Amino acid sequence: MKPRVGQTLASTVDATAVIVVRAPETDVSITCGGADMVDSKAGPATAGTADPAQMEGTQLGKRYADDDLGIELLCTKAGQGTLAVDGRPLPIKGAKPLPASD
């Protein structure tokens, strides 16, 4: 799938939903809990089977990013599945440090 900026994706194994904030130029496989995520506007998500090894959960309002791939996802609905791209779990994006106020 080639994600688009602003696209809303939903998990097929839990309640997780994300918005694509930054998208790569290439096709990637975005999964949650080991199952492919689907465009939430395309219709209801089908029930999938979760991979027990990929059930670390997502946090509401957190950004998940991989700078090497050029992808960033914003979690709009938390769930039990782990977000991954091409089989690699996405880490939570750290906050930018504020400049010193001397």
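**Sheet pairing, nonpolar core and the T82 loop**

In the predicted model, strand 1 (residues 8-10) and strand 5 run antiparallel and are joined by 2 bridges. Within this pair, L9 of strand 1 lies opposite D39 of strand 5. The two strands belong to an open sheet of 5 strands, in which the order is 5-1-2-7-6 and the pairing is antiparallel. The edges of the sheet are formed by strand 5 (38-39) and strand 6 (63-66); each has a single partner strand, so one side of each is left without a neighbour in the sheet.

The largest nonpolar core comprises 15 residues. Those with the most contacts inside this core are V18, I30, M37, I71, L73, L83 and L90. Two or more residues are contributed by each of strand 2 (17-22), strand 3 (30-32), strand 7 (71-77) and strand 8 (83-85). Strand 7 supplies the largest share, 3 residues. For V18, when neighbours within four places in sequence are left aside, the contacts include M37, L73 and L83, which are also listed among the core residues with the most contacts. Other contacts of V18 are made with Q7, T8, L9, L74, C75 and T76.

T82 is located in the loop between strand 7 and strand 8. The relative accessible area of T82 is 10%, and T82 is therefore classed as buried, the cut-off being under 20%. With neighbours within four places in sequence again excluded, T82 is in contact with T31, C32 and G33, with Q54, M55, E56 and G57, and with P89.

Key: Residues numbered from 1 in each chain as written. Predicted model: local features only at pLDDT ≥ 70, side-chain atom pairs only at ≥ 80, totals over all residues. Heavy atoms only, no water. Core = buried A, V, L, I, M, F, W, Y, C linked by side-chain atoms within 4.5 Å. Buried < 20%, exposed > 50% of the residue type's maximum accessible area, 1.4 Å probe, protein only. Helix = DSSP H or I, 4+ residues; strand = E, 2+ residues; numbered from the N terminus. Contact = heavy atoms within 4.5 Å. Pairing = 2+ DSSP bridges.
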